[in-house]
Protein chains: 2
Amino acid sequence: MTPTPPKIRILLADDHTLVRRGVRLILDAEPDLEVVAEAADGAEAVAALRDIEVDLVILDVAMPRMTGLQAARGIARMRTPPKMLMLSMHDNEQYFFEALKVGASGYVLKSVADEDLVKACRTAIRGQAFVYPGAMSALVRDYLDRLNRGESLPRTVLTEREDEVLKLIAEGHSTREIARELTISYKTVERHRENILAKLGLRDRTQVTRYAIRAGLIEP
Amino acid sequence: MTPTPPKIRILLADDHTLVRRGVRLILDAEPDLEVVAEAADGAEAVAALRDIEVDLVILDVAMPRMTGLQAARGIARMRTPPKMLMLSMHDNEQYFFEALKVGASGYVLKSVADEDLVKACRTAIRGQAFVYPGAMSALVRDYLDRLNRGESLPRTVLTEREDEVLKLIAEGHSTREIARELTISYKTVERHRENILAKLGLRDRTQVTRYAIRAGLIEP
DNA sequence: ATCCGAATGGGTGCTGCCACCCATAAGTCC
DNA sequence: GGACTTATGGGTGGCAGCACCCATTCGGAT
C-alpha cells in the first residue's frame with residue numbers, strides 16, 4: 001500500500017450552508033484536497049485557526065458578524081498565516097482589489113465552474129495569484145502584471161483623511177456636517193470628496209455608501 | 001419490483017453554481033425529490049418552464065437579469081403555475097413579505113440545514129406556507145396568524161412601482177437614468193422618490209441605499 | 001355613482017453635489 | 001534643492017436632488 005501524499009488542509013468559511021455543501025462536495029472529490037473544518041462567519045473562522053492548522057482558508061467575502069475581508073485582515077497578521085482564497089458573489093473589481101489588499105491569494109466567484117475552484121485552490125497554495133476566469137478586466141490585468149513584475153503597489157488607495165471623509169459620507173452626512181465634524185472648511189471636504197470619487201472611480205455619494213458597506217468600513 | 005412513486009419534479013434557479021451544487025446534492029438524496037432542471041437567472045427559469053413541466057420551482061431571490069421575485073410574478077401568472085419556494089441569503093422580513101406577495105409558498109435561507117430545505121419542499125408541494133425556522137419574528141408571526149384567519153395582508157408600505165424605483169435609486173442610478181429605464185417621465189420618478197422618502201422616513205438617496213441594503217433588497 | 005389609491009406628468013425654487021479652475025503650508029523622497 | 005504628496009482653502013457654474021404646488025387617468029372598493 002503506497003502512502004498517500006499529504007492533502008491540502010482547507011478551512012471553509014461561509015454563512016450559507018448550501019454553499020458550504022457545494023464547495024465541500026467539489027473539493028473533497030479531489031485526491032489532493034480536503035476540507036478539514038467549516039465556519040459560519042468570520043469570527044468563527046479566526047477562532048478555528050487558533051485550534052487547528054490548515055494550509056488554505058476559503059473565505060466568503062460577505063459574512064455576518066465579521067466579514068470575510070475583516071477576517072482576512074486578522075488572519076494576515078498571524079505568525080504563519082495560511083493562504084487565503086476569497087469567495088464572492090460579485091463580479092466586481094473593487095471587491096477584488098480589496099481582497100488582494102488584505103492579502104488574499106485569489107478571488108473566485110460563487111458562479112465558477114468546479115474545475116476553476118479546484119484550480120484556484122492549487123494556485124493559491126503555490127503562492128500565486130488567481131483571478132476568476134472570464135471576468136478579468138483590463139484594470140485587473142494591469143494590476144496582476146505589475147504584481148508579477150514584482151512592483152509594489154499595495155499602496156492604500158485612499159489617504160487616512162480621505163478614509164475619514166469616506167466613512168462620514170457613507171454614513172449619510174452632508175458636506176456641511178462633515179466639515180463641522182472634522183473642524184475643517186466646507187471646501188476642503190469637497191476637495192477630499194472629489195479625490196475619493198476620482199480614486200475609486202465612483203460617481204456620487206450613493207455609490208460611496210455602497211462601496212463603504214462592501215469594504216466593511218461601515219455597517220449597513 | 002415495486003413501481004417507484006412519481007418524484008416531485010423540481011426546477012432549480014440560482015446564479016451561483018456552488019449553491020446549485022449544494023441544493024441538488026441535498027434534494028437528489030431524497031427518494032421523493034428530483035431536480036430535473038437548473039437555471040442561472042430568472043429569465044432562464046421562466047423560459048425553461050415553457051419547455052418542461054415541474055411541480056416546484058426553487059428561486060434565488062437575487063439573480064441577475066431577472067430577480068427571483070420578478071420571475072415569481074411572471075410564473076404566478078401562468079395557467080397552471082408550479083409551487084414556488086424562494087431561496088434567500090437574507091434573514092429579512094422585507095424580503096419575506098415580498099416573497100409571499102408574489103405568490104411563493106415558502107421562504108428559506110441559504111443557511112438552512114438540509115432537513116429544513118427538504119421539509120420546505122414537501123410543505124410547499126402540499127400547498128402550505130413554510131417559514132424558515134429559527135428566524136420567525138413577531139412581525140412574521142402576526143402576518144401568518146392573520147393569513148390563517150383569512151384576513152387580507154397588511155400590505156407592504158411601498159407599492160410595486162415604488163419598489164422598482166427604490167431599487168434603482170439604491171443601485172446608484174440617477175433620476176434621469178431611472179426614467180429612461182422605466183420609460184416614464186423624469187417628473188414621475190421624482191414623485192415616486194418623494195413618496196418613498198416620505199413613507200420610509202428617509203432624507204436622501206444615500207439613506208435609501210443603506211435602507212435597501214439593510215432590507216436585503218439589493219446587494220452591496 | 002362615488003371616492004380613493006396608484007401611476008402618470010408638469011411647474012417653481014432652494015440647496016447641495018460635483019467638476020472644473022486656482023493657491024499655500026508642511027512634510028517626504030531622491 | 002527641487003519634485004511630489006497631503007491637507008488645507010477659495011471661486012464659479014451646471015445640474016441634480018428635494019420640497020412644495022398642481023393636474024389627469026384608471027381601476028377597485030364602498
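Start with the protein surface near DNA strand C, and select helix H8 (175-182) and H9 of chain A together with H9 of chain B, each of which supplies at least two residues of that surface. As you look, keep in mind that this is a predicted model. Colour H9 of chain A on its own, since H9(A) gives the largest share of the surface near DNA strand C, with six residues.

Next, show every residue around DNA strand C: there are 19 of them, and the closest are A:Thr175, A:Asp204, B:Thr159, B:Ser185 and B:His192. If you colour these surroundings by residue type, you will find two nonpolar, six polar and 11 charged residues.

Now zoom in on single contacts with DNA strand C, beginning with A:Thr175, where an N or O atom of the side chain is 2.8 Å from a phosphate oxygen of the strand. Move from there to B:Ser185, and show its backbone as well, for a backbone N or O atom of this residue lies 2.5 Å from a phosphate oxygen of DNA strand C. Then select A:Glu190, whose side chain has an N or O atom 3.2 Å from a base nitrogen of DNA strand C. Which part of DNA strand C do the atoms within 4 Å of the protein belong to? Sugar or phosphate accounts for 59% of them, and the rest belong to bases.

Turn now to DNA strand D, and select the 21 residues that surround this strand, the closest being A:Thr159, A:Ser185, B:Thr175, B:Asp204 and B:Arg205. Coloured by type, the residues of the surface near DNA strand D divide into three nonpolar, six polar and 12 charged.

For a contact with the backbone of DNA strand D, select A:Arg161, where a side-chain N or O atom is 2.8 Å from a phosphate oxygen. For contacts with bases, select A:Lys187, which has a side-chain N or O atom 3.0 Å from a base oxygen of DNA strand D, and then A:Arg191, which has a polar side-chain atom 3.2 Å from a base oxygen of that strand. With these in view, highlight helix H9 (186-200) of chain A, along with helix H8 (175-182) and helix H9 (186-200) of chain B, which are the elements that give two or more residues to the surface near DNA strand D. Among these, pause at H9(B), which contributes the largest share of that surface, seven residues.

Finally, select the atoms of DNA strand D within 4 Å of the protein, of which 61% belong to sugar or phosphate, while the rest belong to bases.

How values were computed: Residues are numbered from 1 along each chain as its sequence is written. Chains are lettered from A and ligands numbered from 1 in the order in which they are written. This is a predicted model: local features need pLDDT of at least 70, side-chain atom pairs count only at pLDDT 80 or more; totals for chains, interfaces and linings use all residues. Side-chain values use heavy atoms; hydrogens and water are left out. A residue is near a molecule or strand if one of its heavy atoms lies within 4 Å of it. A polar contact is a pair of N or O atoms within 3.5 Å; within protein, one must be able to donate a hydrogen and the other to accept it, and residues adjacent in sequence count only if both atoms are side-chain atoms. Helices (H or I, at least four residues) and strands (E, at least two) are DSSP runs, numbered from the N terminus. Ala, Val, Leu, Ile, Met, Phe, Trp, Tyr, Cys and Pro count as nonpolar, Asp, Glu, Lys and Arg as charged, and the others, Gly among them, as polar.
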